[in-house]
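Reader: I have the model open. I want to know what stands behind each label.

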Amino acid sequence: MSKLHLVGIGPGSKEYLTFKALKTVESSDILIGSRRALELFQDVCADKIELCVQNMDEMLKLAVSKACQGESVSLLSTGDPGFSGVLKPILKLAGDLDIEVVPGVSSIQICAAKLNIPWDVANVITMHGKGISEDIINVLANGKPTIILPNSTIEELVNFLIQNGVDPGREVSVCEKISYPDERILKTTLKDVLTEKFGYMCVLVVF
Ligand SMILES: C[S@@+](CC[C@H](N)C(=O)[O-])C[C@H]1O[C@@H](n2cnc3c(N)ncnc32)[C@H](O)[C@@H]1O
């Protein structure tokens with residue numbers, strides 16, 4: 001029976017790939033993923049199809065249709081497929097298709113690990129692609145560390161928090177490009193985040 005594998009590849013470095021992810025990918029006919037994700041599997045002999053923000057919907061449909069035709073397809077997801085990953089949109093498209101989720105190390109988990117935060121006592125929030133919700137202001141008042149995947153940029157999120165009354169002196173961390181050679185873990189205050197430049201691969205923690 002056809003199966004679509006949603007494979008979590010972790011935060012980016014090969015070190016965080018699971019054995020299960022590697023085995024699943026190695027036994028697939030087709031890999032679909034971002035350039036960064038495909039680069040992890042240069043030695044794997046499978047058809048490789050690059051996915052980007054612009055062709056995302058088309059590629060998700062392609063993954064489903066190829067799997068329905070009986071091909072073994074691995075759709076690669078950064079971190080874990082079930083957290084702000086491909087699982088949600090694929091469930092809307094997949095109908096009766098059998099899906100296997102291969103969990104990966106989420107950026108949330110690895111950020112918590114880098115900062116020694118037990119994440120069962122943290123607020124864990126994703127705004128990725130959803131816009132900034134005002135609910136965040138109440139969440140930040142509950143005294144727990146809050147680990148956030150921003151909607152788009154760190155600057156947009158920090159400006160929103162300051163404009164909505166969060167103390168600019170509040171202690172925060174930004175974890176950028178975790179597990180890559182140019183990883184950056186910055187401990188600072190909310191307002192001082194705005195003195196730095198960040199790319200899109202960031203997690204914000206508000207203490
Ligand atoms: C589409 S979401 C995917 C989240 C992913 N499914 C997970 O479990 O980590 C992409 C966002 O995850 C975060 N992210 C993913 N990998 C990261 C990394 N290596 N370092 C920092 N943030 C990362 C960034 O906020 C990025 O914008």
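Reader: What makes a residue part of the shell around the ligand?
Author: Its C-beta atom, placed from the backbone, must lie within 6 Å of the ligand. Here 23 residues surround the ligand. The closest are Pro11, Gly79, Gly85, Ser106 and Ser107. This is a predicted model: local features need pLDDT of at least 70, side-chain atom pairs count only at pLDDT 80 or more, and totals for chains, interfaces and linings use all residues. Residues are numbered from 1 along each chain as its sequence is written.

Reader: How do you know where the ligand lies relative to domain 1 and domain 2?
Author: Domain 1 (3-102) and domain 2 (107-206) both give residues to the shell, so the ligand lies between them. The domain bounds come from an automatic or database domain assignment.

Reader: What is the make-up of the shell by class?
Author: The shell has 10 nonpolar, 10 polar and 3 charged residues. Ala, Val, Leu, Ile, Met, Phe, Trp, Tyr, Cys and Pro count as nonpolar; Asp, Glu, Lys and Arg as charged; the others, Gly among them, as polar.

Reader: Why is Lys144 called partly exposed?
Author: Lys144 has 15 other C-beta atoms within 10 Å. Buried takes 20 or more, exposed 12 or fewer, and partly exposed is in between, with C-beta atoms placed from the backbone. The count of 15 therefore makes Lys144 partly exposed. Lys144 sits in the loop between helix H6 (135-139) and E7. Helices (H or I, at least four residues) and strands (E, at least two) are DSSP runs, numbered from the N terminus.

Reader: How do you know that strand E7 and strand E10 pair?
Author: Pairing takes at least two bridges found by DSSP. E7 (residues 146-149) and E10 (residues 202-206) have 3 bridges, in the antiparallel sense. They therefore pair. Thr146 has Val206 in E10 as its bridge partner.

Reader: What makes strand E6 and strand E9 edge strands?
Author: The open sheet runs E6-E7-E10-E8-E9, with mixed pairing. E6 (123-126) and E9 (184-189) each have a single partner strand, so one side of each is left without a neighbour in the sheet.

Reader: What makes a set of residues a nonpolar core?
Author: The members are buried Ala, Val, Leu, Ile, Met, Phe, Trp, Tyr and Cys residues, joined through C-beta atoms within 7 Å. The largest such core has 27 residues. Cys111, Val203 and Leu204 touch the most other members. E10 gives the most to this core, with 5 residues.
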